[in-house]
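Thanks for coming, everyone. I'd like to take a few minutes on one structure and walk you through what I found. Let me put it up on the screen.

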Protein chains: 2
Amino acid sequence: MSEVFLYLCIVTGVTAVVHWRFPTPSSRHVVPQSSYEYETAYFTQPIDHFGFNAQVGEFRQRYLLSLKYWKPGKPVFLYTGNEGDITWFCNNTGFMWDIAPEFEAMLIFAEHRYYGDSLPFGSDSYATAGNLQYMTTEQALADFALLIEHIKSTLPGAENSPVIAFGGSYGGMLAAWLRMKYPNVVGAIAASAPIWMFDDLSPCDGFNKIASRDYRSTPGGEQCFENIRGFWAALNRTAEQEHGMFVVSLLFELCDDILDVNVLIDWFTAIFGNLAMVNYPYPTSFLEPLPAWPVSVACSYLNESRLYGEDLLNAVKKVVNLYFNYTGELTCFNSSLQGPSSFDVRGWDYQACTEMVMPICSRYESSVFPPSRWNLYGYVQDCERRWMNATVRPDWAVTFYGGKDISSHSNIVFSNGDLDPWSFGGVLTNLSHTLTAVIIEGGAHHLDLRAAHPADPQSVIDVRNVEKAHIRMWIEA
Amino acid sequence: MSEVFLYLCIVTGVTAVVHWRFPTPSSRHVVPQSSYEYETAYFTQPIDHFGFNAQVGEFRQRYLLSLKYWKPGKPVFLYTGNEGDITWFCNNTGFMWDIAPEFEAMLIFAEHRYYGDSLPFGSDSYATAGNLQYMTTEQALADFALLIEHIKSTLPGAENSPVIAFGGSYGGMLAAWLRMKYPNVVGAIAASAPIWMFDDLSPCDGFNKIASRDYRSTPGGEQCFENIRGFWAALNRTAEQEHGMFVVSLLFELCDDILDVNVLIDWFTAIFGNLAMVNYPYPTSFLEPLPAWPVSVACSYLNESRLYGEDLLNAVKKVVNLYFNYTGELTCFNSSLQGPSSFDVRGWDYQACTEMVMPICSRYESSVFPPSRWNLYGYVQDCERRWMNATVRPDWAVTFYGGKDISSHSNIVFSNGDLDPWSFGGVLTNLSHTLTAVIIEGGAHHLDLRAAHPADPQSVIDVRNVEKAHIRMWIEA
């Protein structure tokens with residue numbers, strides 16, 4: 001699943017790698033039962049859209065199709081799959097299912113190449129630098145564009161159907177980019193799409209600033225904020241003692257023996273960050289099963305003034321338990337769950353190491369996380385080591401997708417939740433009358449794409465209405 | 001240089017391949033002396049912009065740079081090089097040089113990869129399917145986009161310079177596409193750019209219809225038209241006689257022994273087609289040294305009513321002499337000059353066989369050329385045979401560049417001469433208030449890009465003024 005890697009200058013002066021994740025499920029996550037009905041289909045794609053060497057071959061892209069609500073000539077709603085199994089995105093994008101009946105829309109959820117069941121070279125897809133050569137956003141967009149052509153040319157009545165792209169997070173970036181690059185898509189709903197998180201387009205401390213604000217703005221948040229800030233030093237102090245890492249492992253009930261405290265710092269950082277991303281107003285199982293407003297719940301363990309030592313570690317232990325064990329099934333915690341061990345994590349790691357390089361840092365004065373600086377040089381070295389000397393090109397996405405210079409494009413709604421740490425890299429103000437930015441007050445990571453819920457704040461209801469109005473406009477144009 | 005291959009159903013029923021060329025110089029063409037001053041520079045590009053496999057490597061792209069008229073902050077005029085040596089395009093695009101002073105513009109002429117001195121794998125660039133894998137329009141556009149970034153980031157005062165793309169013929173297609181795909185170019189002058197010549201976007205007999213009209217509309221043109229139409233049968237009749245091909249070779253003073261009359265039919269077809277393309281109102285050396293209005297001169301040999309037999313062949317011989325030997329240096333004619341023998345021809349052949357597949361046919365009732373049908377199946381077979389089984393994808397360019405569905409783009413002037421056979425595949429009417437079409441009455445292939453000339457018709461002067469007005473608008477926006 002998706003991760004942003006950042007170099008962390010922790011208080012001990014050691015540099016560690018922290019993995020940020022877009023909110024995607026852990027390997028033990030079970031796709032929830034849903035009432036959504038679709039068929040699973042496959043479309044044969046060239047592995048290389050941008051070359052004509054027949055030796056490169058073809059692969060089968062998976063997509064999910066629902067014609068339940070569709071009438072000939074009526075729109076196609078295409079979800080531009082992100083970094084994971086497409087069934088999971090299909091089941092977690094209730095907004096498309098909710099509005100399909102009123103638009104009489106066809107629903108397509110297209111899987112991203114190199115994820116899920118859409119592996120260009122099967123189980124060897126990640127085995128060699130040559131096999132990984134076609135794992136790029138450009139190739140993924142071309143897959144979507146060709147799939148649209150396929151549907152339009154083979155499904156009677158679809159030939160003139162307007163196509164709207166939908167996506168959240170990385171999928172939202174792809175939805176926006178698909179509209180920019182391929183005008184056979186008439187418009188895009190790009191939810192929580194940090195398209196400006198590259199190079200120097202956004203300040204690198206934005207993610208951590210917003211996440212920190214999320215903690216600070218809960219009831220008792222000021223104490224919560226200070227306690228988490230104090231936690232990193234407390235953790236280090238304990239770890240530095242004789243048998244310190246043993247004590248830490250015992251205290252946090254880790255399944256595995258961790259010798260490097262930096263690995264744990266990554267792990268805790270990811271937990272606090274992920275809680276901020278999925279801080280939804282009702283219980284969800286988006287990343288892990290969680291209660292409503294999980295950041296507030298986490299802070300309820302940390303709102304005593306100035307916790308110290310073991311008390312502080314025990315309070316954070318409760319947060320870990322909240323995040324990983326809300327349903328109470330685990331007997332120990334696996335700190336490698338954040339690492340690039342499972343297949344999907346691997347895919348995003350490659351992307352983040354080549355094209356999707358997102359600078360993230362943390363400043364002491366504003367952040368709930370340990371201070372860190374963005375160290376491109378170290379980042380590149382680490383990526384080259386992990387990925388067979390892959391060429392890291394941090395500014396290529398800016399060149400190819402235009403950076404902030406995108407006002408000549410049209411028909412995109414960029415939505416962002418003001419609680420979502422990823423919003424720092426998103427489009428937050430209108431760029432033109434057809435490039436529209438909407439903010440979901442009290443909204444976390446692409447709340448608008450979720451199915452309607454009784455606990456939805458009015459803001460997300462309003463934003464969904466704005467999105468529907470734009471879709472209607474694009475269709476009727 | 002560039003060629004479109006078409007399958008020709010000649011009157012004998014035999015199918016042959018005819019090579020159409022965009023007007024580019026023959027191998028014996030000498031780049032004319034010019035007063036244009038520029039420096040030659042090189043920029044290191046990734047061979048594969050759309051992949052991150054370090055094993056693929058880098059190459060040096062050549063570009064020509066003139067800062068003579070440029071003031072910091074003022075525009076960059078970028079010529080998007082087509083299928084050949086960039087010095088030739090630089091010296092034949094006088095319009096950019098003419099208007100650079102008033103815009104205080106920097107001039108860059110960027111060479112297209114796999115042509116001229118910009119060979120990704122040196123002399124092996126065409127040797128293997130793997131080496132040819134990066135010979136695509138998408139890679140070429142990415143070269144241009146990255147070169148722009150390079151200039152902007154390294155040349156003090158260029159950082160905020162607006163960039164205008166210029167191109168003619170295939171280069172005009174690239175200029176338009178660069179604007180569509182990369183908004184770091186604020187606008188494009190796409191001269192004689194047949195961006196709609198793919199798949200079924202334009203009728204396949206357009207090229208031949210316009211070329212035929214060119215011959216028909218000269219003084220005595222009706223006779224000229226009928227005589228050329230009669231020529232194909234006369235040629236076949238002579239060839240079919242005993243030792244017929246020997247007689248033909250002798251009559252046309254060929255240097256080489258040609259056994260297949262279809263090869264000669266290709267050759268004559270190309271000569272008549274090329275004359276129509278470069279039918280300029282003053283003497284030029286664009287493709288071959290030619291007098292003013294070469295189609296009229298050719299028709300002056302063919303305007304007697306109903307020429308037959310040897311008289312007809314002798315009249316066409318004068319056309320061959322006009323086209324290849326206007327300066328009177330040759331002692332015999334090389335009919336392989338139209339074939340893929342020289343390096344640049346090879347490059348375009350690969351492109352036409354993979355991505356740039358342009359259907360061309362000829363109908364008996366309207367065409368000065370022998371009737372032919374578009375035979376995609378045979379085309380693909382022939383291309384696969386010639387190019388190591390390269391994958392021919394005739395509709396990919398339509399998917400990637402949007403076909404006729406491009407009205408969401410902006411800031412492109414499409415210019416076409418009404419004498420130019422390639423205009424059949426061009427944009428001839430405004431698509432929006434920022435996608436403008438202009439027609440040069442009495443103009444051949446991208447006459448507007450040539451330097452101003454006393455014999456210029458008012459129409460081309462007007463069109464150049466429209467282009468300048470748009471450039472000014474884009475710069476000031």
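**Chain B against chain A**

So, let's begin where the chains meet: 42 residues of chain B are in contact with 42 residues of chain A. Please keep in mind that this is a predicted model. Between them, chain B and chain A bury about 3500 Å², and 56% of that lies on carbon and sulfur atoms. If you'd like three residues to click on, try B:F50, B:F52 and B:Q133: they supply 24% of the area that chain B buries against chain A, more than any other three residues.

Now, what about polar chemistry? Across the interface of chain B and chain A, the rule finds zero salt bridges. What the rule does find there is 17 residue pairs in polar contact, both residues at pLDDT 80 or more.

Which helices of chain B take part? α3 (137–154), α4 (170–181), α11 (343–354) and α13 (396–401) each supply at least two residues of the side that touches chain A. Of these, α3(B) gives the most, with six residues. As for the make-up of that side of chain B, we have 17 nonpolar, 17 polar and eight charged residues.

Let me finish with α4(B). This helix has twelve residues and reaches 16 Å from its first C-alpha to its last, close to the 16 Å expected at 1.5 Å a residue. Twelve of the twelve residues of α4(B) are buried, so this helix is largely enclosed by the rest of the structure. Among those buried residues are B:W177, B:R179 and B:K181. Happy to rotate the view for anyone who wants to look!

Technical notes:
Residues numbered from 1 in each chain as written. Chains lettered and ligands numbered in written order. Predicted model: local features only at pLDDT ≥ 70, side-chain atom pairs only at ≥ 80, totals over all residues. Heavy atoms only, no water. Contact = heavy atoms within 4.5 Å. Buried area = accessible area lost by both parts, 1.4 Å probe. Salt bridge = Lys/Arg side-chain N within 4 Å of Asp/Glu carboxyl O. Polar contact = N/O pair within 3.5 Å; in protein donor to acceptor, adjacent residues only side chain to side chain. Helix = DSSP H or I, 4+ residues; strand = E, 2+ residues; numbered from the N terminus. Nonpolar A, V, L, I, M, F, W, Y, C, P; charged D, E, K, R; others polar. Expected span 1.5 Å × (residues − 1). Buried < 20%, exposed > 50% of the residue type's maximum accessible area, 1.4 Å probe, protein only.
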